Amino acid sequence: MPRFVETEKDREKREVGNNLRRWRETAGLSQHQLALELGVERNVVHRYETGENTMSLIRAAEISSVLHISVSDLVPDKFRQDEEQHKRYKEAENADFKAKMLLERIGDLSQEELEEFYKIADITIKGLKVGRKTA
């Protein structure tokens, strides 16, 4: 019986799938939740993540929109041009993503919870500034 030999294309598809899984999990979504957002069955997302299926550029754009990432976040590393520039971009994008997620969560708070959040945030920021001055 012939042994399966993984090709470069198979590795690239698997890397795209791994990137998708990582970003989906970062966004706090299950495969089922992402599938609902995309209007597909859960097994479609599963096949993308395992590299069994290749997604179209349109589908990659739809996924990127749902996950608040860029399409390039799904692309295998070997296709990236300048790793240092990409690293800086990713750090900024990740901070932006975290800020968006925090704003969404803040939007779900009641007025009372919001006031408590602001008090805690103010105390935390003041503490960070004091810590910076003594460091």
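This report looks at a helix pair, a nonpolar core and a salt-bridge network in a predicted model.

**How H2 and H4 meet**

Let's begin with two helices. Helix H2 spans residues 31-38 and helix H4 spans residues 57-67; their axes come within 10 Å and cross at roughly 115°. The crossing of H2 past H4 is right-handed. From H2, the residues taking part are Leu-34, Glu-37 and Leu-38, and they meet Arg-59, Glu-62, Ile-63, Val-66 and Leu-67 of H4. Sorted by character, the residues of this contact are 5 nonpolar and 3 charged, with no polar ones.

**The nonpolar core**

Which residues of the largest nonpolar core touch the most other members? Among its 18 residues, they are Leu-20, Met-55, Ile-63, Leu-67 and Leu-74. Helices H1 (8-26), H2, H3 (42-50), H4 and H5 (83-107) are the elements that each give two or more residues to this core. Two of the names are already familiar, since Ile-63 and Leu-67 also belong to the H4 side of the contact with H2.

Leu-20 is a good place to zoom in. With neighbours within four places in sequence set aside, Leu-20 is in contact with Leu-34, Tyr-48, Glu-49, Met-55, Ile-63, Leu-67 and Leu-74. Glu-49 in that list leads us to the charged residues.

**A salt-bridge network**

The structure holds 6 salt bridges. Three of them are set out here, with the distance between the N and O atoms.

| Pair | N to O distance |
|---|---|
| Arg-21 and Glu-49 | 3.6 Å |
| Arg-24 and Glu-25 | 4.0 Å |
| Arg-24 and Glu-49 | 2.5 Å |

Through shared partners, salt bridges join Arg-21, Arg-24, Glu-25 and Glu-49 into one network.

Where do the partners of the Arg-24 and Glu-49 pair lie? Arg-24 is in helix H1 and Glu-49 in helix H3, so this salt bridge ties together parts of the chain 25 residues apart in sequence. The pair of Glu-49 and Arg-21 likewise links distant parts, from helix H3 to helix H1, with their positions 28 residues apart in the numbering.

Are Arg-24 and Glu-49 buried or exposed? Both are buried: the relative accessible area of Glu-49 is 1%, and that of Arg-24 is 7%. The other two members of the network fall into another class, as Arg-21 is partly exposed at 26% relative accessibility and Glu-25 is partly exposed at 48%. Glu-49 thus combines a buried position with a contact to Leu-20 and salt bridges to Arg-21 and Arg-24.

Conventions:
Residues are numbered from 1 along each chain as its sequence is written. This is a predicted model: local features need pLDDT of at least 70, side-chain atom pairs count only at pLDDT 80 or more; totals for chains, interfaces and linings use all residues. Side-chain values use heavy atoms; hydrogens and water are left out. Axes are lines fitted to C-alpha atoms, for helices over the stretch in contact, and angles run from 0 to 180 degrees between N-to-C directions. Helices (H or I, at least four residues) and strands (E, at least two) are DSSP runs, numbered from the N terminus. A crossing is left-handed if the near helix is turned anticlockwise from the far one by less than a right angle, and right-handed if clockwise. Contact means heavy atoms within 4.5 Å. Ala, Val, Leu, Ile, Met, Phe, Trp, Tyr, Cys and Pro count as nonpolar, Asp, Glu, Lys and Arg as charged, and the others, Gly among them, as polar. A nonpolar core is a set of buried Ala, Val, Leu, Ile, Met, Phe, Trp, Tyr and Cys residues joined through side-chain atoms within 4.5 Å. Buried means under 20% relative accessible area, exposed over 50%, partly exposed in between (1.4 Å probe, protein chains only). A salt bridge is a side-chain nitrogen of Lys or Arg within 4 Å of a carboxyl oxygen of Asp or Glu.
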